[in-house]
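This briefing covers the overall fold, the surface and the nonpolar interior of one protein model. Please look at the sequence and structure first.

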Amino acid sequence: MSYSTRPIGVLDSGIGGFSVVRQVQKLLPEEDLLYFGDGAHIPYGNHAKETIVDMARYMFQFMERQGVKALLVACNTISCVITQCESAVTCPVFNAVQAGADAVSKLKVDKVGVISTVFTHNCRIYPKIIQAQSPRKLVVLSCGCPDLARLVEHSLGDPAGMALVEDNLRQELDHMVWEDKVDCCVLGCTHYPLVADRIQRLYPGLRLIDPAEEMARALRAHFTRGGLSNPRKSPGTLTIYTTGAVAEYALRARQVGLERVASVEYYPPMELS
């Protein structure tokens, strides 16, 4: 196998990274994708930092064994500790937090909202990076959502579950949108773009920033510069591994519109002490 025909790796704490896969399939349809969702341990944002690093390295090592040519870290929580994980792979690594900050830096806005897991919020990584690299002096408001990722993970396609998602969105976003009046909102967890239509319905006119879109664009630019794009003319495939429920992952992949799923397979989770 030549380097250019190796798969692209995408990892996440659960199904949230499907939002990244969706964007990569749209921009780079000829590429093969390998997905790892650690459904046994979701939500990552509620774990201790040391545990997050250990679980992330477990997935990184899996991707290294698979020989991926690039790794997309869809999980924002893992992105917060990326410097302690990326040495486990030899390929280029792209992470969601940097992608989200890059997207904001291109906008002419004054007040930015960020919704994320509690861990990402407590790290204050989005405000730090956004303010450091934006050419404008911005106000960045961050909100940690302890339950939203879990609710999205298990509620897609379930009307009662989606009603709970909407209730939680109102609880977390109402103040930021109606009182703080943010110009845009970064979806700082890859689960959140999967319910972007619900957010838009609740808050018409609110500009949403999906880091997945920026990650896919950055990956395409990297491949173009380095001549690393898969030369095939036919569409690539997607192989999914999960430490969670195989049937649920297969269902969610169909629900969010992922294409050319070759297989969905179980992989044993890392044992937590």
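**Fold and packing of a predicted model**

The protein has 11 helices and 10 strands, taken as DSSP runs (H or I of at least four residues for helices, E of at least two for strands) numbered from the N terminus. The model is predicted, so local features need pLDDT of at least 70 and side-chain atom pairs pLDDT 80 or more, while totals for chains, interfaces and linings use all residues. Residues are numbered from 1 along each chain as its sequence is written, and side-chain values use heavy atoms, without hydrogens and water.

**Dimensions**
- The C-alpha trace spans about 55 × 40 × 40 Å along its principal axes.
- The radius of gyration is 18 Å, which agrees with the value near 19 Å for a compact globule of 273 residues (C-alpha atoms; rule: 2.2 Å times the number of residues to the power 0.38).

**Burial and contacts**
- Of the 273 residues, 58% are buried (under 20% relative accessible area, 1.4 Å probe, protein chains only).
- Among contacts (heavy atoms within 4.5 Å) between residues at least 6 apart in sequence, 77% join residues at least 24 apart.

**Nonpolar cores**
- The largest nonpolar core (buried Ala, Val, Leu, Ile, Met, Phe, Trp, Tyr and Cys joined through side-chain atoms within 4.5 Å) has 55 residues, of which Phe18, Val24, Leu72, Ile115, Leu173 and Leu219 touch the most other members.
- Helix α8 (residues 159–179) gives the most to this core, with six residues.
- Apart from this core lies another, of 45 residues, among them Cys75, Cys91, Phe119 and Ile209.

Definitions and conventions: Buried means under 20% relative accessible area, exposed over 50%, partly exposed in between (1.4 Å probe, protein chains only).
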